[in-house]
Amino acid sequence: MNLTPRLSAVADLAGKSLSLADIGTDHAYIPIYLMQKGLISTAVAADINEGPLERADKNIRKAGLSDKIALRLSDGLDNIKDNEAETVVIAGMGGEIISHMLEKPKPLGIKKMVLQPMTDIPLVRRKLHENGMIITAERLAAEKDKIYTVIACEYGTGQVFSDEDYIVSPFIKDDPIFAEYINKQLGICKTNLEKTKNAEDKSFSAQFEYLISIYEKFI
Ligand SMILES: C[S@@+](CC[C@H](N)C(=O)[O-])C[C@H]1O[C@@H](n2cnc3c(N)ncnc32)[C@H](O)[C@@H]1O
């Protein structure tokens with residue numbers, strides 16, 4: 001199975017482990033790919049909705065992996081059992097939803113989490129620190145006209161980030177597409193500033209001005 005650059009970055013950071021839970025699995029490409037590569041032994045493909053689970057089931061059967069990848073209806077990690085997953089992947093969801101999952105109690109035995117928030121990435125980094133986790137690696141992945149951020153983390157404390165670090169993480173500064181990422185973020189913020197600068201509520205334009213001032217430090 002060939003993965004898109006975004007999912008490929010997620011799979012790379014997930015790497016080798018005994019067991020995996022893919023939360024919000026939808027098509028189940030991540031567990032199928034990692035299983036086919038021999039990087040995991042068991043997996044749970046979990047989703048909050050029946051439709052995506054049916055899609056996952058179809059793909060898992062097609063890959064002949066029904067005995068190795070279990071399907072699970074689950075809101076976040078709620079129905080993942082203790083010691084069922086060494087690695088947890090949560091990809092392709094909004095940062096608010098992922099942050100909410102990080103705040104809830106988690107099953108025992110998790111050694112690593114790989115997160116790929118579609119939005120609110122600084123919030124996710126902050127929630128990791130607030131919930132006893134540290135970032136161990138990050139990747140940027142360009143796909144079509146977007147650049148996605150993938151974050152690997154584990155349990156730990158003592159990782160100190162400034163407000164600026166939450167926006168431009170120290171872990172992405174050496175990424176080969178860092179400059180492209182900064183330019184893209186600047187473009188997005190400038191467009192949003194244009195859209196919001198005449199609004200009565202100045203908090204939106206002030207936020208975009210602040211972000212622009214941070215991103216401009218890295219050009
Ligand atoms: C856009 S898809 C992402 C699929 C895949 N993870 C990827 O990155 O390509 C988002 C999936 O997350 C599921 N989802 C949304 N909220 C969820 C939650 N609270 N718990 C579990 N799954 C959730 C949706 O049903 C959907 O299948």
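**Entry 1: ligand shell**

I looked up the surroundings of the ligand and found that, of the 16 residues around the ligand, Gly24, Asp26, Pro52, Ala91 and Gly92 come nearest. I note that the model is a predicted one. I then asked which element supplies the largest share of the shell around the ligand. Strand 4, residues 87–93, does so with three residues. By class, I recorded seven nonpolar, six polar and three charged residues in the shell around the ligand.

**Entry 2: the sheet**

From strand 4 I turned to the sheet. I traced an open sheet of seven strands, ordered 3-2-1-4-5-7-6, with mixed pairing. At its edges I found strand 3 (69–73) and strand 6 (133–143), each of which pairs on one side only. On average, I find neighbouring strands of this sheet turned by 15° against each other, with direction ignored.

I next examined how strand 4 is joined to strand 5 (residues 112–117), and noted parallel pairing over six bridges. Here Val89 stands opposite Val114 of strand 5. I also looked up what helix 2 (residues 29–36) touches: this helix packs on the sheet against strand 1 (19–23), strand 2 (42–47), strand 3 and strand 4. The direction of helix 2 makes about 160° with that of strand 1.

**Entry 3: helix 1 and helix 2**

I followed helix 2 to its contact with helix 1 (residues 5–14), where the axes come within 10 Å and cross at roughly 55°. Angles from 65 to 115 degrees would count as roughly perpendicular and those under 35 as roughly parallel; helix 1 is therefore oblique to helix 2. I recorded the crossing of helix 1 and helix 2 as right-handed.

Helix 1 contributes Leu7, Val10, Ala11 and Ala14 to the contact, and helix 2 contributes Tyr29, Ile30, Tyr33 and Leu34. I sorted the residues of this contact by class and obtained eight nonpolar, no polar and no charged.

**Entry 4: helix 7 and helix 8**

I then asked at what angle helix 7 (residues 178–196) and helix 8 (residues 203–216) pack. The angle is about 155°, and the axes lie 9 Å apart. Angles over 145 degrees count as roughly antiparallel, so helix 7 is roughly antiparallel to helix 8. I noted a left-handed crossing for helix 7 and helix 8.

On the helix 7 side, I listed Ile182, Gln185, Leu186, Cys189, Lys190, Asn192, Leu193 and Thr196. On the helix 8 side, the contact is made by Phe204, Ser205, Phe208, Glu209, Leu211, Ile212, Tyr215 and Glu216. The residues of the contact between helix 7 and helix 8 comprise nine nonpolar, four polar and three charged.

Note on methods
Residues are numbered from 1 along each chain as its sequence is written. This is a predicted model: local features need pLDDT of at least 70, side-chain atom pairs count only at pLDDT 80 or more; totals for chains, interfaces and linings use all residues. A residue is near a molecule or strand if its C-beta atom, placed from the backbone, lies within 6 Å of it. Helices (H or I, at least four residues) and strands (E, at least two) are DSSP runs, numbered from the N terminus. Ala, Val, Leu, Ile, Met, Phe, Trp, Tyr, Cys and Pro count as nonpolar, Asp, Glu, Lys and Arg as charged, and the others, Gly among them, as polar. Axes are lines fitted to C-alpha atoms, for helices over the stretch in contact, and angles run from 0 to 180 degrees between N-to-C directions. A crossing is left-handed if the near helix is turned anticlockwise from the far one by less than a right angle, and right-handed if clockwise. Two residues are in contact if their C-beta atoms, placed from the backbone, lie within 7 Å. Two strands pair if DSSP finds at least two bridges between them.
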